[in-house]
Amino acid sequence: MTNRQSPCARFPLNTLHWGNIGHGTTTTHSSKPPKIPAPIYRHAAPSGPWPWMDLESDILLETEPISPPKQAVEQWKWREYPQSLFGNWVADRVARCRMIENCSKEPREKCRIYCVDVLETGHFKSAKDTDPPIDVDESALSQLWDQLQIEPTGLRLRVLLVDNMKHPVLQMLGTRCQGFISPDMCSGLNVHRYNIEPFFFTSSLNWIPSRYQEEVIKQQGDHITVTLLFIRAAPCEKTAAPSQNKNTSGGEKTIDTQESLHLRSAERYLLQDMLALHMIRSSGPSGSTIISYHPSAQWRRTTAERLKSLVHKVGESVYWQKIFEQSKDPTFIFLAILWYALYAWDESLDHLYTHMNWLETNVLLTNDSHLTTELHTIQAQLLHYASLLDDFRKSVTFVKNTPSPVLESREFNDQTRMDTNKLMRKECDNLLSEIDRLGFQLKNITDLGKATVNFVDSRRMQDLTTATISYLTMIFLPASFVAAVFGMNVREITDDATETMAHYTAVSVVFTVLTAWLVVAFQPHSPFHEPGSGFWWRLAWPFSYVIRLTGLRRSLRRQPDGLL
């Protein structure tokens with residue numbers, strides 16, 4: 001086999017651009033991150049027999065399905081993806097899934113492919129030895145296609161992280177050919193397609209959580225996909241108007257769980273971010289590959305450059321480096337990337353808990369109606385966060401229960417295979433235990449939110465009830481008083497009565513004073529007597545209150561004993 005150099009090293013086009021503005025150029029955004037589209041779960045995985053076909057849509061397709069070609073994909077053949085590989089993905093379904101529409105179309109947004117290489121020894125290529133990112137230009141698409149065909153050598157895994165995915169790049173990655181050695185063919189010259197199901201791109205571009213395995217070939221490899229939504233804290237931009245913040249969760253808007261949650265106390269947003277990973281696990285000489293999709297710059301989510309630096313730092317971890325040395329299974333790098341979502345969850349819940357305490361304090365001190373609306377918004381978001389965290393748990397469980405078919409190859413003996421599976425279960429359980437911890441933390445925040453909402457609602461109901469009774473009393477009390485006065489049996493009103501108004505007034509005053517006297521006396525806590533006073537002392541509360549109010553008792557205590 002001829003030696004082939006690294007694609008990024010051979011690629012001399014690091015200055016190729018989709019537009020005229022460089023990668024570091026900042027674009028103007030609104031202060032609040034844009035909300036993500038509502039996910040359509042029925043279109044997330046290839047198990048559905050009718051991809052991207054709604055029940056009310058026309059069952060007649062615009063174009064008849066074609067049979068995928070059996071031969072290797074020739075140059076420019078990638079332009080027919082996905083129908084060239086998956087015949088049922090005709091133009092009607094491609095248009096409905098918005099695969100082309102959701103790709104980056106902004107000319108100023110540069111499509112850039114970052115690369116992280118893991119050597120066969122399990123060590124990561126250092127940042128200075130790593131090839132520079134590939135900037136792609138439409139005038140150099142044929143060169144990029146040729147570049148992707150080059151087989152890397154001496155690698156266990158290559159991670160490709162794509163920023164601002166353009167439609168031609170999507171088609172190339174979906175149909176890319178890779179050198180592959182089949183155990184049944186000694187020549188090793190047969191070509192094995194990636195055969196990436198369009199569902200990876202449609203679920204990623206449409207923000208649909210998914211997890212599935214495909215293209216399983218015994219002892220040779222498979223494909224696994226995990227599209228995971230998680231919560232990440234992002235600072236508010238300094239250009240945000242402070243008057244906007246108070247009305248962010250105002251009653252004028254409908255609660256939308258797809259929008260970012262503004263935490264006024266921390267000046268941060270809790271936004272929904274995404275990890276979209278497709279892994280080709282292969283026993284071939286060029287190793288395995290992970291493709292990471294990243295939303296375009298307009299979404300203001302985690303960039304490929306940021307995740308690339310974090311993946312590089314995995315190789316600096318002593319703990320994980322020992323794992324990579326113990327096992328040759330590249331799935332451990334896939335699992336390590338999932339820890340990024342856990343770190344983001346942990347930080348977000350810390351900010352959210354602090355904000356809930358701040359809201360609770362303000363609710364107790366003030367009666368701001370905006371706080372009530374904000375609490376109801378957070379409560380709805382918490383229910384949505386619980387479902388996202390459950391998806392995270394299912395994704396890790398999927399990785400745990402989906403071992404690589406490469407482990408059954410001759411490269412792994414029984415002991416190595418058993419050790420690798422045991423180590424994978426252990427690391428997945430470690431991540432699952434951390435997710436359970438986040439689940440308890442989220443439950444505590446949810447309970448705190450419910451208690452605060454119940455307190456606010458009960459206080460508002462009590463205020464409403466009190467106001468209602470006051471209004472009713474204000475309306476009916478004068479009429480009741482007049483009716484009672486004219487119904488009295490006194491001489492001033494009725495000629496043949498035996499009593500007078502003076503007698504009625506005297507008896508009413510006496511009974512009113514006596515009732516008030518006894519009510520205060522039977523109360524153990526009252527401002528009219530000292531705390532801890534006995535009943536007989538409380539019964540004499542008018543005298544004790546006057547003495548305490550005038551200071552006479554204190555002055556008597558200061559007199560010498562001989563003068564008393």
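Colleague: Which residue stands opposite Thr-289 in strand 10?

Modeller: This is a predicted model, in which local features need pLDDT of at least 70, side-chain atom pairs count only at pLDDT 80 or more, and totals for chains, interfaces and linings use all residues. Residues are numbered from 1 along each chain as its sequence is written, and side-chain values use heavy atoms, without hydrogens or water. Strands are DSSP runs of E, at least two residues, and helices are runs of H or I, at least four, numbered from the N terminus. Strand 9 (residues 268-282) pairs with strand 10 in the antiparallel sense over 5 bridges, where pairing takes at least two DSSP bridges, and the residue opposite Thr-289 is Ile-280.

Colleague: Which residue in the turn between strand 9 and strand 10 has a positive phi?

Modeller: The two strands form a hairpin. There are 5 residues between them. The one with a phi of about 80° is Gly-287.

Colleague: How many residues of strand 10 are buried?

Modeller: Buried means under 20% relative accessible area, exposed over 50%, and partly exposed in between, with a 1.4 Å probe and protein chains only. Ser-288, Ile-290 and Ser-292 point one way, Thr-289, Ile-291 and Tyr-293 the other, and all are buried. Strand 10 is therefore largely enclosed by the rest of the structure, with a buried count of 6 of the 6.

Colleague: Which residue stands opposite Tyr-293 in strand 10?

Modeller: Strand 3 (residues 155-163) runs parallel to strand 10, joined by 6 bridges. The residue opposite Tyr-293 is Val-162.

Colleague: Why is there no bond between the sulfur of Cys-103 and the closest cysteine sulfur?

Modeller: A disulfide needs two cysteine sulfur atoms within 2.5 Å. The structure holds 0 disulfides. Cys-103 is buried at 5% relative accessibility. Its closest cysteine sulfur, in Cys-111, is too far for a bond, at 9.1 Å.

Colleague: How many aromatic pairs does a search of the whole structure find, and is the pair of Trp-320 and Phe-324 tilted or not?

Modeller: Rings of Phe, Tyr and Trp (its six-membered ring) pair if their centres lie within 6.5 Å; planes under 30 degrees apart are stacked, over 60 edge-to-face, the rest tilted. The search finds 14 pairs. The centres of Trp-320 and Phe-324 are 6.1 Å apart with planes at 40°, so this pair is tilted.

Colleague: Where do Trp-320 and Phe-324 lie?

Modeller: Trp-320 is buried at 11% relative accessibility, and Phe-324 at 0%. They are 4 residues apart, about one turn of the helix, and both lie in helix 8 (residues 318-326).
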